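Work through the exercises below with the model open. Each task is followed by a solution in steps.

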Amino acid sequence: MLPHLLPIGSLLAGTALLLLGTGLLNTVIALRGSLEGFSDATLGLIGSAYFVGFFVGTFAAPPVIRQLGHIRAFAFFSAATAVCVLLHALLVSAPVWMLLRVVTGITLVGLYMVIESWLNSQSSPEQRGKIFAVYMAVNLGALALAQQLLRLGSPAEFGLFAIASIFVVLSLMPVTATRFSPPALKPTPRLGLGRLWKAAPVAFAGAVQSGLAMGAFWGMSAVYGGRIGLDSAGVALLITVSILGGALLQWPIGHYSDRGDRRIALALVAAAASAAGVLWAALGQFGEMVLIGGFLFGAASFAIYPIVIAHLIDHLSHDDILSGNAALLLLHGAGAAAGPTVAGVLMGWLGPIALPLHFILMLAPLALFAWWHARHGKDVIVEEAAHFMPMMRTSPTVLEMMTPADAPEHVAPATDETTQSA
């Protein structure tokens, strides 16, 4: 595997540096907003603004990349991201922060697209699965490590914002120094949501509900930690152990899902995540004991979206896999955009316990829905069973890396009809 990783080492290094910066920023914003007296509902809106930008960026970033080319587009998006990071510290205002988070979401999608299209072009179909797994490990590892950078300063000061901006700028160095020829950025076709529901209703519901839960996790966990009395180091540890739980247990959970009806696996994992939410809520009053709930929640919840993706692939022909995954990504993105706002409003009414309650409210119905479908109909696989692949939601471009090797390499551009239906 090493000979295949060495040529793309610069891209993986750029990814790690970028996520060290943006991962730190996500947590610092929540903690600084709490110190500034922003309400939970306001912090939820700020969290949602980022995912709104992420959603918009899936449409807005590709034309910029095609116009500027990969290296200049990466420099453009990195510069915009670094500026946004610093403006958070200079302009402490909820409306300004919401705007900055939208812009940051857009630019980060652009950065993901540049890196992922390059990785895809440099990987043979036979090696894409392994490279995809390494890339996802870099994502999770960098996000987990980024939380520990909170120990270097206080969210009330400029230093942490500067460190986040420095890492974003540093990500430019390995990526812009690459000698790879810029790949073509292929249009991603869309599959109508009606067809998606008909093909795999459990995947449809799983994308939305997991987006609602995980958007709230990323947007409000740091706020929750501060509200129950954790200091910055404790907040960092809560998020870190949750990420590590997800990283460690995705493979065994995925292996189980490959061996039988994936709807049952999804039901059990969503139920486990709901149970972990109950434990999280119960342990929240005992300070750092909440880390146990965070670890178990991450272990179960991080596997939900990859199971949903694999279940969808089971029910699509190879011609529709890429477009189906893109539509599922949009559903997940819409859920993620709403999740922090919903959780923030609930926390404003009920206090910090509302965050784990939000997880339960989003994932317990998914468990019941998946179980009901498994009990009332046979799971008919269209062509051949998919294989679970640990993943995080990034950009539509990554779908080409995780698409089965025998799926079509080149897809027709999306027509107006398919684009509008998605």
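**Exercise 1. Classify Asp40 by burial, then place it in the fold.**

Step 1. Asp40 has a relative accessible area of 9%, so it is buried. The classes are: buried under 20% relative accessible area, exposed over 50%, partly exposed in between, with a 1.4 Å probe and protein chains only.

Step 2. Asp40 is found in helix 3. Helices are DSSP runs of H or I with at least four residues, strands are runs of E with at least two, and both are numbered from the N terminus.

Step 3. Take the C-alpha atoms of Asp40 and Gly351: they are separated by 8.7 Å, with the two positions 311 residues apart along the chain.

A note on the input: this is a predicted model, where local features need pLDDT of at least 70, side-chain atom pairs count only at pLDDT 80 or more, and totals for chains, interfaces and linings use all residues. Residues are numbered from 1 along each chain as its sequence is written, and side-chain values use heavy atoms, leaving out hydrogens and water.

**Exercise 2. Check the span, bend and cover of helix 15.**

Step 1. Helix 15 covers residues 318-350, which is 33 residues. From first C-alpha to last it reaches 47 Å, close to the expected 48 Å. The expected span is 1.5 Å times one less than the number of residues.

Step 2. Look for a bend. Helix 15 has a kink of about 30° at Ala338, shortly before Pro340. The bend is the angle between axes fitted to the seven residues ending at a residue and the seven starting there.

Step 3. Count the cover. In helix 15, 24 of the 33 residues are buried, so the helix is mostly covered.

Step 4. Go past the end. Gly351 follows helix 15, and its phi is positive, near 90°.

**Exercise 3. Classify the ring pair Phe55 and Phe59.**

Step 1. Apply the rule: rings of Phe, Tyr and Trp (its six-membered ring) pair if their centres lie within 6.5 Å; planes under 30 degrees apart are stacked, over 60 edge-to-face, the rest tilted. The count is 16 aromatic pairs.

Step 2. The centres of Phe55 and Phe59 are 5.9 Å apart and the planes stand at 65°, so this pair is edge-to-face.

Step 3. Both residues lie in helix 3 (residues 40-68), 4 residues apart, so about one helical turn separates them.

Step 4. Phe55 is partly exposed because its relative accessibility is 29%. Phe59 is also partly exposed, at 41%.
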